[in-house]
Amino acid sequence: MITCVVHYTIDPAQIEAFERFARAWMRLVAAHGGVHHGYFLPAEGASDRAEALFSFESLAAYERYRARFGTDPEFVAADRIRDESGCVLRYERTFMRPLLPTD
């Protein structure tokens, strides 16, 4: 399993748009074989940080999902929310693997 952690810098004035963007991507990850662990948004005070975590069974499975970016109409529509609202100022992805407890 591989987990993608996405670190976002967001526009706090566009949090509703970011939530629409996030909900669209949670649905797309699940529809294309991944498990979305959620988006984590600022809870109090002014903050411009948000995080997302989702997993695929392998890097190859993630790459099949990524191949749809820019061409699949649903993926393009989800990105349009981000692009038109300006809710995401920048982001970076980190790939991680879980270390699970043993019995």
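Here are some short exercises with worked solutions on this predicted model.

**Exercise 1. The largest pocket**

Find the volume of the largest pocket, then work out which residues sit closest to its centre and which elements supply the lining.

*Solution.*
Step 1: start with the volume, which comes to about 220 Å³ for the largest pocket.
Step 2: go to the middle of that pocket. Its lining has 17 residues, and Y8, W25, R66, F69 and R93 are the closest to the centre.
Step 3: trace the lining back to the secondary structure. Four strands are on the list: β1 (2-10), β2 (35-40), β3 (49-56) and β4 (88-96). The helices on it are α1 (15-31), α2 (59-66) and α3 (73-85). Each of these elements gives at least two residues to the lining.
Step 4: sort the lining by chemistry. You should get 12 nonpolar residues, 4 charged ones and 1 polar one.

**Exercise 2. Two cysteines and a disulfide count**

How many disulfides does a search of the whole structure find? Explain the result for C4 and C87.

*Solution.*
Step 1: run the search over the whole structure, and the count is 0 disulfides.
Step 2: check the distance. From the sulfur of C4, the closest cysteine sulfur belongs to C87 and is 17 Å away, so the two are too far apart for a bond. For scale, the cut-off for a disulfide is 2.5 Å between the sulfur atoms.
Step 3: look from the other end. C87 is in no disulfide either, its nearest cysteine sulfur being that of C4.
Step 4: ask how accessible they are. C4 has 1% relative accessibility and counts as buried, and C87, at 0%, counts as buried too.

**Exercise 3. A salt bridge between two helices**

Which parts of the chain does the R27 and E74 pair tie together?

*Solution.*
Step 1: confirm the pair. The side chains of R27 and E74 form a salt bridge, with 3.1 Å from N to O.
Step 2: place the partners. R27 belongs to helix α1 and E74 to helix α3, so this salt bridge ties together parts 47 residues apart in sequence.
Step 3: check exposure. R27 is partly exposed at 44% relative accessibility, and E74 is partly exposed as well, at 38%.
Step 4: put the pair in context, since the whole count is 6 salt bridges.

**Exercise 4. Charged neighbours around helix α3**

Take the salt bridges of E84 and D83 in turn, and say whether each partner is buried, partly exposed or exposed.

*Solution.*
Step 1: start with E84, whose salt-bridge partner is R80. The closest N and O atoms are 4.0 Å apart, and the cut-off is 4 Å.
Step 2: locate that pair. Both residues are in helix α3, 4 residues apart, or about one turn of the helix.
Step 3: compare each value with the class limits. E84 has a relative accessible area of 64%, so E84 is exposed. R80 has 39%, so R80 is partly exposed.
Step 4: move on to D83, which pairs with R82 at 2.9 Å between the closest N and O atoms. D83 is exposed at 52%, whereas R82 is buried at 17%.
Step 5: widen the view, and D79 joins R82 and D83 in a network of salt bridges.

**Exercise 5. Three buried side chains**

For T9, F18 and H36, give the element and the accessibility, then find a partner in space.

*Solution.*
Step 1: T9 is in strand β1 and is buried at 7% relative accessibility. Its side chain makes a polar contact of 3.5 Å with the side chain of R49.
Step 2: F18 is in helix α1 and is buried at 0%. Pair F18 with G86: they are 68 residues apart in sequence, but their C-alpha atoms are 8.8 Å apart in space.
Step 3: H36 is in strand β2, and at 17% relative accessibility H36 counts as buried.
Step 4: follow the H36 side chain to the backbone. A polar atom of that side chain lies 2.9 Å from the backbone nitrogen of G38. The backbone oxygen of L53 lies 3.4 Å from a polar atom of the H36 side chain.

Conventions. Residues are numbered from 1 along each chain as its sequence is written. This is a predicted model: local features need pLDDT of at least 70, side-chain atom pairs count only at pLDDT 80 or more; totals for chains, interfaces and linings use all residues. Side-chain values use heavy atoms; hydrogens and water are left out. On a 1 Å grid over the protein atoms alone, a cavity is a set of points where a 1.4 Å probe fits but cannot get out, and a pocket is an open set with protein on both sides within 12 Å along at least five of seven lines; lining residues have an atom within 4 Å of a point. Grid points are joined across faces, edges and corners, and a volume is the space filled by probe spheres set on the points. Ala, Val, Leu, Ile, Met, Phe, Trp, Tyr, Cys and Pro count as nonpolar, Asp, Glu, Lys and Arg as charged, and the others, Gly among them, as polar. Buried means under 20% relative accessible area, exposed over 50%, partly exposed in between (1.4 Å probe, protein chains only). A polar contact is a pair of N or O atoms within 3.5 Å; within protein, one must be able to donate a hydrogen and the other to accept it, and residues adjacent in sequence count only if both atoms are side-chain atoms.
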